[in-house]
Amino acid sequence: MIRLFIPHDLAAGGELALDPGQSRYLATVMRLAVGDELLAFNGRDGEWRVRITAVTRRAVAVRAEAPVRPQTVGPDLDLIVALVKRGRVETIVEKAAELGARRVRLVTTERTNADRTRVDRLTAIAIEAAEQTGRLDVPEILDPVKLEVLIGGWEPGRQLLFCDEAGDAPPILQGLTPPSRGEGEGEPWAILIGPEGGFSPSERRTLRALPYAIPVSLGPRILRADTAAIAALTLWQATLGDWTPKGAP
Ligand code: SAH
């Protein structure tokens with residue numbers, strides 16, 4: 001069944017007008033008609049079964065009929081990535097949404113050569129990925145800030161997995177020790193991935209000196225930023241995240 005993120009409140013009975021893009025998708029691409037059903041979520045009210053009540057080529061209305069799943073939210077994991085080429089940032093946002101990051105924070109560093117990006121476009125990519133992947137929230141995409149601003153405003157208690165390609169950092173699994181039962185569960189984390197040019201020596205020194213930072217290696221090969229992001233998210237989820245059901249050994 002089609003799943004759509006819609007910004008409206010979802011409660012039984014209300015009639016909701018979809019935006020022109022979603023309306024066109026449902027009416028002309030998927031050729032849905034009055035009476036057809038789909039699933040909707042808004043990041044707050046869980047997932048709902050909704051039924052189409054009106055269709056024109058540009059305007060579709062639906063009515064929320066019944067809740068299907070209660071709202072859930074994944075682990076409190078930020079992916080922090082330096083701005084890289086547009087296509088790679090887009091891949092990173094899509095994969096971060098699929099792999100369950102709660103936020104994507106963009107940063108500029110000494111060696112990034114872009115300082116702007118289309119956050120609205122990245123948000124649309126995050127929404128689409130959330131729709132297809134079945135999650136009930138959409139990762140928030142935050143405007144780029146300088147690395148020192150990010151560090152200056154660091155939230156106390158959030159641990160930072162610093163992916164350091166320099167070669168002398170311990171292997172990532174050494175930095176990700178699964179907590180013993182019940183302990184350290186649900187703690188806030190962040191993963192940091194640098195730009196294509198890497199971090200400068202002074203940035204590395206600063207990052208390594210942060211008390212909450214854990215420098216780690218992703219192996220002997222230099223990975224592209226998008227590959228590094230996917231690898232780090234995967235290993236984090238498999239060791240500390242929600243890939244292990246609660247209560248499993
Ligand atoms: N400038 C670097 C490459 C940077 S790769 C060089 O050519 O030497 C982009 C980012 O991906 C890095 O800053 C790092 O955060 C991450 N990364 C890539 N390979 C990695 C590895 N083997 N270990 C840890 N992090 C890695």
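Start at the boundary between domain 1 and domain 2 in this predicted model: the area buried between the two is about 670 Å², and carbon and sulfur atoms give 63% of that area. To see the two sides, colour residues 3-69 as domain 1 and residues 77-239 as domain 2. If you place a marker at the C-alpha centre of each domain, the markers will sit 33 Å apart. The contact itself draws 9 residues from domain 1 and 8 residues from domain 2.

**Stop 1: the domain 1 side**

Select Arg3, Phe5 and Phe41 and show their side chains. Together these residues supply 65% of the area that domain 1 buries against domain 2, more than any other three residues.

Now turn to the polar side of this interface. How many salt bridges does the rule find across the interface of domain 1 and domain 2? The count is 0. Polar contacts are another matter: 7 residue pairs are in polar contact across the interface of domain 1 and domain 2, with both residues at pLDDT 80 or more.

Next, pick strand 1, residues 3-5. Strand 1 gives the most to the side of domain 1 that touches domain 2, contributing 3 residues. Colour that side of domain 1 by residue class and you will find 3 nonpolar, 3 polar and 3 charged residues.

**Stop 2: a salt bridge between distant parts of the chain**

Side chains of opposite charge can pair when their charged atoms come close. The structure holds 28 salt bridges, and here is one to zoom in on. Select arginine 158 and aspartate 76, whose side chains meet in a salt bridge with an N to O distance of 3.0 Å. The two residues are 82 residues apart along the chain. Follow the backbone to place each partner: arginine 158 is in the loop between helix 4 (147-152) and strand 9 (159-163), while aspartate 76 is in the loop between strand 5 (60-69) and strand 6 (77-82).

**Stop 3: the ligand**

Finally, centre the view on the ligand. There are 18 residues around the ligand. Which of them come nearest? Select Cys163, Leu218, Gly219, Arg221 and Leu223 to see them.

Three distances are worth displaying here.

- Glutamate 165: an N or O atom of its side chain is 3.1 Å from an oxygen atom of the ligand.
- Glycine 219: a backbone N or O atom lies 2.9 Å from a nitrogen atom of the ligand.
- Arginine 221: a backbone N or O atom lies 2.8 Å from a nitrogen atom of the ligand.

Methods. Residues numbered from 1 in each chain as written. Predicted model: local features only at pLDDT ≥ 70, side-chain atom pairs only at ≥ 80, totals over all residues. Heavy atoms only, no water. Domains from an automatic or database assignment. Contact = heavy atoms within 4.5 Å. Buried area = accessible area lost by both parts, 1.4 Å probe. Salt bridge = Lys/Arg side-chain N within 4 Å of Asp/Glu carboxyl O. Polar contact = N/O pair within 3.5 Å; in protein donor to acceptor, adjacent residues only side chain to side chain. Helix = DSSP H or I, 4+ residues; strand = E, 2+ residues; numbered from the N terminus. Nonpolar A, V, L, I, M, F, W, Y, C, P; charged D, E, K, R; others polar. Near = heavy atom within 4 Å.
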